[in-house]
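Work through the exercises below with the sequence and the model side by side, and try each task before reading its solution.

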Amino acid sequence: LNVLVEDEVHSSVNLPSTQQNGSYIQQRHSSTIEVDVECKILINCAGLAAPSLAASIDGIPSESIPAHFFAKGNYFALMCQSPFSHLVYPLPQPGGLGVHATIDFSGRCRFGPDVQWVQSVEGGPNAPLDCDRFDYDVDPARAETFYAAVRRYWPALPEGALVPDYAGIRPKLGRPENPSMDFVFSGPPHHGVGGLINMFGIESPG
């Protein structure tokens, strides 16, 4: 469905109005132009929006769509010389891999992500998810917990060396009290729609 992505980039597609029927897609444009796309297999890998997209597909039983939650992962950048030349992963924490040290191609070091559970921004159980409504700002006050986490494996981290960097939102299938549920691949045996594969709770490209 790269054609749909390319059309969206060129401002000609309104994805929230898409209707999927297994092997048939009717794509409604805001300009009243319609595009029909036929495919043998449709993979819903919309990340955060995968459950709400699945709910818009004709014939999908609601009980085949798992409950979904959202966890914000914040990162803080290191403003002094890094002692690390490789990734550092501490023991995992509930809902995440722990505040680890990552190094980009320029040698810049940052720490994260933490796990900050956030409210859904959907208008209802079947409403399209507007990811732009999430708050991606990093709260500087969270630095206190980052200093504590990083000093477990780097006790010499200087005070004042961390600054807010960036944040992302991860789709979760487990509630905050039970966050360890893994991702789900849901195919025709689960929902009865031929040629459709829903991918829920995919937290990272890996």
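The exercises that follow go from the whole chain to its cores, its salt bridges and one strand with the loop after it.

The model is predicted, so that local features need pLDDT of at least 70 and side-chain atom pairs count only at pLDDT 80 or more, while totals for chains, interfaces and linings use all residues. Residues are numbered from 1 along each chain as its sequence is written, and side-chain values use heavy atoms, with hydrogens and water left out.

**Exercise 1. The chain as a whole**

Determine how many helices and strands the chain has, and what percentage of its residues is buried.

Solution. Helices (H or I, at least four residues) and strands (E, at least two) are taken as DSSP runs numbered from the N terminus, and by this count the chain has 4 helices and 11 strands. Buried means under 20% relative accessible area, exposed over 50%, and partly exposed in between, with a 1.4 Å probe and protein chains only; buried residues make up 40% of the 206 residues. For contacts, which are heavy atoms within 4.5 Å, residues 24 or more positions apart account for 62% of those with a separation of 6 or more.

**Exercise 2. The nonpolar cores**

Find which elements supply at least two residues each to the largest nonpolar core, and which of them gives the largest share.

Solution. A nonpolar core is a set of buried Ala, Val, Leu, Ile, Met, Phe, Trp, Tyr and Cys residues joined through side-chain atoms within 4.5 Å. The largest one has 19 residues, and those with the most contacts inside it are Leu-78, Phe-84, Phe-111, Trp-154, Leu-157 and Leu-162. At least two residues each come from strand E5 (69–78), strand E7 (109–112), helix H3 (143–150) and strand E9 (162–172), and the largest share, 5 residues, is that of H3. A second, separate core of 11 residues includes Ala-54, Ile-60, Ile-65 and Phe-200.

Returning to Leu-157, and setting aside residues up to four places away in sequence, one finds that Leu-157 touches Leu-78, Tyr-147, Val-150, Arg-151 and Leu-162.

**Exercise 3. Salt bridges and their surroundings**

For the pairs Asp-165 with Arg-108, Arg-151 with Glu-159 and Glu-203 with Lys-172, work out whether each partner is buried, partly exposed or exposed.

Solution. A salt bridge is a side-chain nitrogen of Lys or Arg within 4 Å of a carboxyl oxygen of Asp or Glu, and a search of the whole structure finds 7 of them.

- Asp-165 and Arg-108 have their closest N and O atoms 3.2 Å apart. The two are 57 residues apart in the chain, Asp-165 in strand E9 and Arg-108 in the loop between strand E6 (100–103) and E7. Asp-165 is partly exposed at 25%, and Arg-108 is partly exposed at 32%.
- Arg-151 and Glu-159 approach to 3.0 Å between their closest N and O atoms. Arg-151 is partly exposed at 28%, whereas Glu-159 is exposed at 61%.
- Glu-203 and Lys-172 meet at 3.0 Å, N to O. Glu-203 lies in the segment after strand E11 (196–200) and Lys-172 in strand E9, 31 residues apart. Glu-203 is partly exposed at 33%, but Lys-172 is buried at 4%.

Finally, salt bridges that share partners join Asp-104, Arg-108, Arg-110 and Asp-165 into one network.

**Exercise 4. Strand E7 and the loop after it**

Identify which strands E7 is joined to by bridges, then describe where Asp-114 is and what its side chain reaches.

Solution. Two strands pair if DSSP finds at least two bridges between them. E5 and E7 run antiparallel and are joined by 2 bridges, with Phe-76 opposite Phe-111; E6 and E7, also antiparallel, are joined by 4 bridges, with His-100 opposite Gly-112. Both faces of E7 are covered, since Cys-109 and Phe-111 on one side and Arg-110 and Gly-112 on the other are all buried. The peptide bond from Gly-112 to Pro-113 is cis, with omega near -5 degrees, although most peptide bonds are trans.

Asp-114 is in the loop between E7 and E8, and counts as buried at 6% relative accessibility. Its side chain reaches the backbone nitrogen of Asn-74 at 2.8 Å, and the side chain of Asp-114 also makes a polar contact with the side chain of Arg-142 at 2.8 Å. A polar contact here is a pair of N or O atoms within 3.5 Å, where within protein one must be able to donate a hydrogen and the other to accept it, and residues adjacent in sequence count only if both atoms are side-chain atoms.
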